[in-house]
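Work through these exercises with the structure at hand. Try each task before reading its solution.

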Amino acid sequence: MSKKECIAMLLAGGQGSRLGALTSNVAKPAVSFGGKFRIIDFALSNCANSDVNTVGVLTQYRPYLLHSYIGTGEAWNLDDRDGGVSILPPYATQTGGAWYEGTADAVTQNIGYIEQNDPEYVLILSGDQLYRMDYAEMLETHKKNNADLTIAVMPVPWEEASRFGIITTDEEGRITKFTEKPKKPDSNLASMGIYIFTTDLLLAALREDAVDQTSEHDFGKNIIPKLLDDGKRLYTYEFNGFWRDVGTISSYHETSMDLLGPNPAFDIFDEKFPIMSNASTRPPSFVGRNGEVEDCLVSNGCRILGKAKHSIISTDAVIGERATVVDSVLLPGAVVKDGAHVVRAILGENAVVEENVNLGSVDATKDTAVIGNDVVVGKGEN
């Protein structure tokens, strides 16, 4: 893949309201995940590993942490002089300024960035999904089909198909129908929200959509159905690896737990296609004389004086003496003080559970306990 054959537009402005307390201070792509990562690391690493070295990151909701975290893109080898990462927040023009109104509008407001780089193809990505994909293979499929647009799809269980945008194709993989969350799906191929457009067609479609006052300016709701109606060449690229949208507390917790065990569903240690991070190096973890760790991911800088079982213990987290943490996720800097018991919970960054507090429940029918960033949980507050 040549340097400017394909550039990426990474949509990272989502508020992530379904993640509740975890996104009260940061955008969803900036939420910590897997001990040392943030959710956006996965898309950025995919770009780097696929030799897509020019990436525009479209930010909006509480972008400050994302901006400082991404920096020059060096952590993902995306600081090439001929490419690199560019932060693209909403901006004011002579006609005014406005928040991005939808996924398509976000890209429309940054058409100048696309034109400046003058690529043959544009890759549209979401910054809040966990997966490992070689976009170069998807691009080869796009070129082989002489497609105007290629959509990455993934087979899902038929009983879950109604939750997704569903793609119907002919025998050659050409898209014949796109249905958003159909009640009676006729296909189980779900759109992953990952698109490769031929640039000229994308720019024309965005400009036409921008002046349509009835449009919600969304790729799934507006752009794709219009291109289908116009008879454009739309094809699928089928993906069969691990892919999760961690947009809810239950999916975030479940996906975190999937990282554990001898054969995890998603291998974050794969050196052939590494997941990179801008997490600063910290001192090694310390496990005290009475500390016990079983089936956990433990990050640098942690201090474990009590017991941790089947949990994600992120950078600089602390588990005090006689404290117990089970089936839980401790984000960076979280503290579980002496004698506290935390079960099936997610503690936000720098959250504190005070001494002898019981938080969470082993009852899987109850919601996962979630404590926001910097929140202190004392007696009677859980």
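**Exercise 1. Count the disulfides, then explain the cases of Cys 47 and Cys 296.**

Solution. The model is predicted, and the count comes to 0 disulfides.

Step 1. Take Cys 47. The closest cysteine sulfur belongs to Cys 6, and the gap is 8.5 Å. A disulfide needs sulfur atoms within 2.5 Å. So the sulfur of Cys 47 is too far from that of Cys 6 for a bond.

Step 2. Check the burial of Cys 47. Its relative accessible area is 0%, so Cys 47 is buried.

Step 3. Turn to Cys 296. The nearest cysteine sulfur is that of Cys 302, 10 Å away, and Cys 296 is in no disulfide. Buried means under 20% relative accessible area. Cys 296 has 19%, so Cys 296 counts as buried.

**Exercise 2. State how confident the predictor is, and locate a stretch with pLDDT below 50.**

Solution. Step 1. Start with the chain. The average pLDDT is 89, and 93% of the residues score at least 70.

Step 2. Look at residues 92-96. Here the pLDDT is below 50. Beyond near neighbours in sequence, this stretch has 2 contacts in the model.

**Exercise 3. Describe the largest nonpolar core and the surroundings of Tyr 252.**

Solution. Step 1. Get the size. The largest nonpolar core has 65 residues.

Step 2. Find the members that touch the most others. They are Ile 40, Val 55, Leu 123, Leu 125, Met 133, Ile 194 and Tyr 252.

Step 3. Ask which element gives the largest share of this core. Helix α1 (residues 40-49) does, with 5 residues.

Step 4. List partners of Tyr 252, leaving aside neighbours within four places in sequence. Among them are Leu 19, Leu 22, Val 31, Ser 32 and Phe 33. Val 246, Val 329, Leu 331 and Ile 346 are also in contact with Tyr 252.

Step 5. Look for another core. A second, separate one has 33 residues, including Ile 7, Ile 114, Leu 202 and Ile 224.

**Exercise 4. Classify two aromatic pairs, then find the ring cluster and the charges over rings.**

Solution. A pair of aromatic rings is described by the distance of the centres and the angle of the planes. The structure holds 11 aromatic pairs.

Step 1. Take Phe 37 and Phe 42. Their centres are 5.8 Å apart, with 55° between the planes. The pair is tilted.

Step 2. Check burial. Phe 37 has 5% relative accessibility, so Phe 37 counts as buried. Phe 42 has 0%, so Phe 42 counts as buried too.

Step 3. Take Phe 197 and Phe 219. The centres are 5.6 Å apart and the planes are at 45°, so this pair is tilted.

Step 4. Place these two rings. Phe 197 lies in strand β11 (residues 189-198), and Phe 219 lies in helix α7 (residues 219-229). The pair therefore ties together parts that are 22 residues apart in sequence. Both Phe 197 and Phe 219 are buried.

Step 5. Trace the cluster. Ring pairs link Phe 33, Phe 37, Phe 42, Phe 242, Tyr 252 and Phe 266.

Step 6. Find the charges. Arg 132 lies over the face of Phe 266, 4.7 Å from the ring centre. The charged end of Arg 38 sits over the ring of Tyr 69, 5.5 Å from its centre.

**Exercise 5. Place Thr 169 and Thr 108, and decide whether each is buried or partly exposed.**

Solution. Step 1. Thr 169 is in strand β9 (residues 165-169). Its relative accessible area is 28%, so Thr 169 is partly exposed.

Step 2. Beyond four places in sequence, Thr 169 is in contact with Arg 174, Ile 175, Thr 176, Leu 189 and Thr 236. The C-alpha atoms of Thr 169 and Ser 187 are separated by 8.4 Å, and these residues are 18 apart along the chain.

Step 3. Thr 108 is in helix α3 (residues 103-108). At 17% relative accessibility, Thr 108 counts as buried. Leaving aside neighbours within four places in sequence, Thr 108 is in contact with Leu 206 and Ala 210.

**Exercise 6. Examine the phi angles of Asn 350 and Asn 356.**

Solution. Most residues other than glycine have a negative phi.

Step 1. Asn 350 has a positive phi of about 65°. Asn 350 is in the loop between β25 (345-347) and β26 (352-353). With a relative accessible area of 43%, Asn 350 is partly exposed.

Step 2. Asn 356 has a positive phi of about 65°. Asn 356 lies in the loop between β26 and β27 (358-360). At 39% relative accessibility, Asn 356 counts as partly exposed.

Definitions and conventions
Residues are numbered from 1 along each chain as its sequence is written. This is a predicted model: local features need pLDDT of at least 70, side-chain atom pairs count only at pLDDT 80 or more; totals for chains, interfaces and linings use all residues. Side-chain values use heavy atoms; hydrogens and water are left out. A nonpolar core is a set of buried Ala, Val, Leu, Ile, Met, Phe, Trp, Tyr and Cys residues joined through side-chain atoms within 4.5 Å. Buried means under 20% relative accessible area, exposed over 50%, partly exposed in between (1.4 Å probe, protein chains only). Helices (H or I, at least four residues) and strands (E, at least two) are DSSP runs, numbered from the N terminus. Contact means heavy atoms within 4.5 Å. Rings of Phe, Tyr and Trp (its six-membered ring) pair if their centres lie within 6.5 Å; planes under 30 degrees apart count as stacked, over 60 as edge-to-face and the rest as tilted. A charge sits over a ring if NZ of Lys or CZ of Arg is within 6 Å of the ring centre and within 35 degrees of the ring normal. pLDDT is the predictor's confidence in each residue, from 0 to 100.
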